[in-house]
Amino acid sequence: RSRLPPSVAVAAVANFPAGGTDIHAALRDVRQIVAAGAQEGDVVLPWRALRDGDTASADTLLRAVRKASAGLRLKVILESGELQDEALITRAAQLALDAGADMLKTSTGKTLHGATLAAADLMLRAIKAHPTAQAHAGLKVSGGIRRVVDALPYIALCRQQLGEAALQPQRLRIGASSLLDDIEAVLG
């Protein structure tokens with residue numbers, strides 16, 4: 001169990017980094033995440049399967065992971081930079097939200113293409129349009145955000161799409177370890 005203060009959530013990722021379609025492996029990861037006492041779980045959407053037209057495998061895996069991670073905040077990593085196509089990114093976001101994702105995440109950070117403002121816009125629009133997720137789901141931007149100035153357009157976009165109230169950690173996060181150095185430099 002964690003010795004961290006309750007305000008710091010522990011997270012781990014399943015189906016990482018490749019985002020394959022092996023449900024048994026993904027569920028094994030989720031069981032380990034739950035057993036370790038994490039409060040949040042991430043799962044990499046089977047983006048290659050989706051890109052190849054296999055929506056059913058992606059949907060089945062996401063729904064199984066959601067069921068196995070009941071009680072955890074679930075972030076679904078779309079690998080939007082690899083999907084690239086607007087329709088695929090939107091479809092991936094819809095599948096994740098339909099499966100019960102609490103947050104959509106742009107990237108694992110392990111591929112050539114990370115977050116883009118265009119992909120974030122599509123993901124935020126999917127959240128805004130989703131009948132059950134629009135009031136609670138959020139976006140985590142990761143992959144390539146290294147400076148405060150890089151993060152600002154994402155914050156503005158979230159404000160524009162989901163409103164001022166969405167500018168909180170439950171609905172907007174920016175995941176980039178290198179960003180911390182720039183935040184400290186800007187504040188210092």
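## The loop after β1

Where is the place of Asn 15? In this predicted model, Asn 15 lies in the loop between β1 and α1. Its backbone deserves a look, since Asn 15 has a positive phi of about 60° although it is not a glycine. Is Asn 15 buried or exposed? Its relative accessibility is 9%, so Asn 15 counts as buried, the cut-off for that label being under 20%.

A little further along, Phe 16 and Pro 17 are joined by a cis peptide bond, with omega at about -5°. Pro 17 is also found in the loop between β1 (11–14) and α1. If you work with backbone torsions, this loop offers you both the positive phi of Asn 15 and the cis bond of Phe 16 and Pro 17.

## Another positive phi, at Gln 84

Gln 84 likewise is not a glycine, yet has a positive phi of about 60°. You will find Gln 84 in the loop between α4 (80–83) and α5. Is Gln 84 buried or exposed? With a relative accessibility of 52%, Gln 84 counts as exposed, because that label applies over 50%.

## Arg 31 on helix α1

Following the loop that holds Pro 17, helix α1 covers residues 23–35 and includes Arg 31. The relative accessible area of Arg 31 is 52%, so this residue is exposed. Between the C-alpha atoms of Arg 31 and Lys 75 there is a separation of 16 Å, and the two residues are 44 apart along the chain.

## How α3 meets α5

Two packed helices are described by the angle between their axes and the distance between the axes. For helix α3 (residues 55–68) and helix α5 (residues 86–99), the angle is about 35° and the axes are 9 Å apart. The crossing of α3 with α5 is right-handed.

Which residues make the contact? From α3 come Thr 55, Ala 58, Asp 59, Leu 62, Arg 63 and Arg 66, while α5 supplies Arg 91, Leu 95, Ala 96, Asp 98 and Ala 99. By character, this contact of α3 with α5 has five nonpolar residues, one polar and five charged.

## The β5–β6 pair

Strand β5 (residues 138–142) and strand β6 (residues 172–175) run parallel, joined by four bridges. Within this pair, Lys 140 stands opposite Arg 173 in β6. How does the chain cross from β5 to β6? The path goes through helix α7 (residues 148–162), giving a β-α-β crossover that is right-handed.

Conventions. Residues numbered from 1 in each chain as written. Predicted model: local features only at pLDDT ≥ 70, side-chain atom pairs only at ≥ 80, totals over all residues. Heavy atoms only, no water. Axes fitted to C-alpha atoms, helices over the stretch in contact; angles between N-to-C directions. Helix = DSSP H or I, 4+ residues; strand = E, 2+ residues; numbered from the N terminus. Left-handed = near helix turned anticlockwise from the far one by under 90°. Contact = heavy atoms within 4.5 Å. Nonpolar A, V, L, I, M, F, W, Y, C, P; charged D, E, K, R; others polar. Pairing = 2+ DSSP bridges. Right-handed = clockwise from strand over helix to strand, strands pointing away. Buried < 20%, exposed > 50% of the residue type's maximum accessible area, 1.4 Å probe, protein only.
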